[in-house]
Amino acid sequence: MPLVVLQQTGSVAATGLAGGCAGVPVLLSPWWARRARQWVDSGTRLAVLAVVQAAALAMVPAAAVFGLLQAWVLIASGLLLGCADALSAPGRSALLADTGDRWGPDRAVLLLTWQDGIRRVGMVLGAPAGALAVAAGFTDSMLWVEAVAVLIAGLLAIGIVGERSPVVVEAPSIRGSLAGRPDVLYGWIARGTGSFTWFAFPLGLSVIGAERGRPGVYLAAGMSGYGLGSVVGTIASLAVVRRFSPAPLAALAWTLMGVCWIGMGIWTTPPAIAGVAALSGATLVLGITAISRVITRSSTGAERRALLSGQTVVVNAGSSAGLLVGGSVIAAAGAEHTLIGAGCLTAAVALAVLVLRRNTAAAQSAPCQTAIHVRRDRDHHPGRAA
């Protein structure tokens, strides 16, 4: 889409208009989508949102054909895309989780893990495929292809049945759904920080390649390694998550990802970057799978949709904030130092979350241990109890 906009308007500022507007409804969804997100409880309703997304995508190339590509078209397209995505992303995940619940124990997290893994593989393979198509002169055509693909994918969901939420007076809020689930909150803090520092990876490697006269080489090495690591992590994550407590595992996963950022800032050769990026892709999937397991095991129905929506907001807010400041940070500190700093911040927050969780768990278990000792003492000394 940025290339179509740039080609038609010649304005660099306009290239990010649609994307920027698409992020606004997602970031504001905790307020406006509280009831709307509960509406997406079937494949048919998910297909309706796909129609809206396809129409929003088609608005830009259609306007370009008729010479009407103006700012209001980009704004309208972005807002429609953002509204549909704010509802469809958590709704799709909730439907997958509901389907997994019917298949058996832990099948919900299995489907969510493969959804995320396939999406990441698509991101890695789609970027070079799209670049080749654009280079061949199919810039406008690619947006039409994207719109049609989104529409077909949505229509395939027709007939999928989710868990119908009972009629409630008030739909659960994201904050309310977090009550009694501190591990979800801790996981979001670690993941949100990782989303914020993500900019250092694609932007940093792009800048390193340009500075060394090898544009695209470092980014290609990093993304290829990351994609391969994501696939391996997806295959291994379910076995690992079953054997360890998910919340500490998520914190350790993002700690390792931070260490990987540091490694890419120190060893800046394509082979080293590819290897470290593969490790980061595997650890990231472990962290995401761990949080998904906590959510799917501790919630159903309306609360599950609220939590999945909150997770979408956390990821999008972190990524948007990181991209907003990322260019300025890299320009001031340099790509290598930015990667090291981003890694230190990610690892430090993840470790702090791990320590905080352990201290909270210890504080909660202390009264229980005291009560046990009082009962034992009373049983051994009846007279003292009297």
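## Trp198 and its ring partners

Trp198 is partly exposed, with a relative accessibility of 23%. The model that gives this value is a predicted one. Phe201, by contrast, has 0% relative accessibility and is buried. Tyr226 is buried too, at 3% relative accessible area.

How many aromatic pairs does a search of the whole structure find? The search finds six. One of them joins Trp198 to Phe201: the ring centres are 5.1 Å apart and the planes stand at 65 degrees, over the 60 degrees needed, so this pair is edge-to-face. Trp198 also pairs with Tyr226, with 5.3 Å from centre to centre and 55 degrees between the planes, and this pair is tilted. Trp198 sits in the loop between α9 (182-197) and α10 (202-211), while Tyr226 belongs to helix α11 (residues 217-243), so their pair ties together parts that are 28 residues apart in sequence. Ring pairs link Trp198, Phe201, Tyr226 and Trp261 into a cluster.

## Ser280 and the ring cluster

Ser280 is placed in helix α13, which covers residues 270-298. The residue is buried, its relative accessible area being 1%.

Which residues does Ser280 contact, leaving aside its neighbours within four places in sequence? They are Tyr226, Met257, Cys260 and Trp261. Two of these names have already appeared: Tyr226 and Trp261 are members of the ring cluster. Through Ser280, helix α13 therefore has a contact with Tyr226, a residue of helix α11.

## Helices α12 and α13

Helices α12 and α13 pack at an angle of about 160 degrees, and their axes are 8 Å apart. Angles over 145 degrees count as roughly antiparallel, and α12 and α13 are therefore roughly antiparallel to each other. Their crossing is left-handed. Sorted by class, the contact of α12 with α13 has 20 nonpolar residues, three polar and one charged.

Ala250 lies in helix α12, which spans residues 246-266. Is Ala250 buried or exposed? Its relative accessibility is 2%, so Ala250 counts as buried. Not counting residues up to four places away in sequence, Ala250 touches Gly287, Ala290 and Ile291. The C-alpha atom of Ala250 is separated by 9.3 Å from that of Val285, and the two residues are 35 apart along the chain.

## Helices α13 and α14

Helix α13 (residues 270-298) also packs with helix α14 (residues 301-333), at an angle of about 155 degrees and with 9 Å between the axes. That angle makes α13 roughly antiparallel to α14. The crossing of α13 and α14 is right-handed, whereas that of α12 and α13 is left-handed.

Which residues make the contact between α13 and α14? Helix α13 supplies Ile291, Ile295 and Thr296, and helix α14 supplies Arg304, Leu307, Leu308 and Gln311. By class, the residues of this contact are four nonpolar, two polar and one charged. Ile291, one of the α13 residues in this contact, is also touched by Ala250.

## Phe196 in helix α9

Phe196 lies in helix α9, which runs over residues 182-197. With a relative accessibility of 27%, Phe196 counts as partly exposed.

What does Phe196 touch when residues up to four places away in sequence are not counted? The contacts are Gly318, Ser319, Ala321, Gly322, Val325 and Leu345. Phe196 and Val325 are 129 residues apart in sequence, with a C-alpha to C-alpha distance of 9.6 Å.

## The chain as a whole

The chain has 16 helices and zero strands. It comprises 386 residues, of which 46% count as buried. Among the buried residues described here are Phe201, Tyr226, Ala250 and Ser280.

Of the contacts in the chain between residues at least 6 apart in sequence, 83% join residues at least 24 apart. The contact of Phe196 with Val325 is one such case, at 129 residues apart.

Key
Residues are numbered from 1 along each chain as its sequence is written. This is a predicted model: local features need pLDDT of at least 70, side-chain atom pairs count only at pLDDT 80 or more; totals for chains, interfaces and linings use all residues. Side-chain values use heavy atoms; hydrogens and water are left out. Axes are lines fitted to C-alpha atoms, for helices over the stretch in contact, and angles run from 0 to 180 degrees between N-to-C directions. Helices (H or I, at least four residues) and strands (E, at least two) are DSSP runs, numbered from the N terminus. Angles under 35 degrees count as roughly parallel, over 145 as roughly antiparallel, 65 to 115 as roughly perpendicular and the rest as oblique. A crossing is left-handed if the near helix is turned anticlockwise from the far one by less than a right angle, and right-handed if clockwise. Contact means heavy atoms within 4.5 Å. Ala, Val, Leu, Ile, Met, Phe, Trp, Tyr, Cys and Pro count as nonpolar, Asp, Glu, Lys and Arg as charged, and the others, Gly among them, as polar. Rings of Phe, Tyr and Trp (its six-membered ring) pair if their centres lie within 6.5 Å; planes under 30 degrees apart count as stacked, over 60 as edge-to-face and the rest as tilted. Buried means under 20% relative accessible area, exposed over 50%, partly exposed in between (1.4 Å probe, protein chains only).
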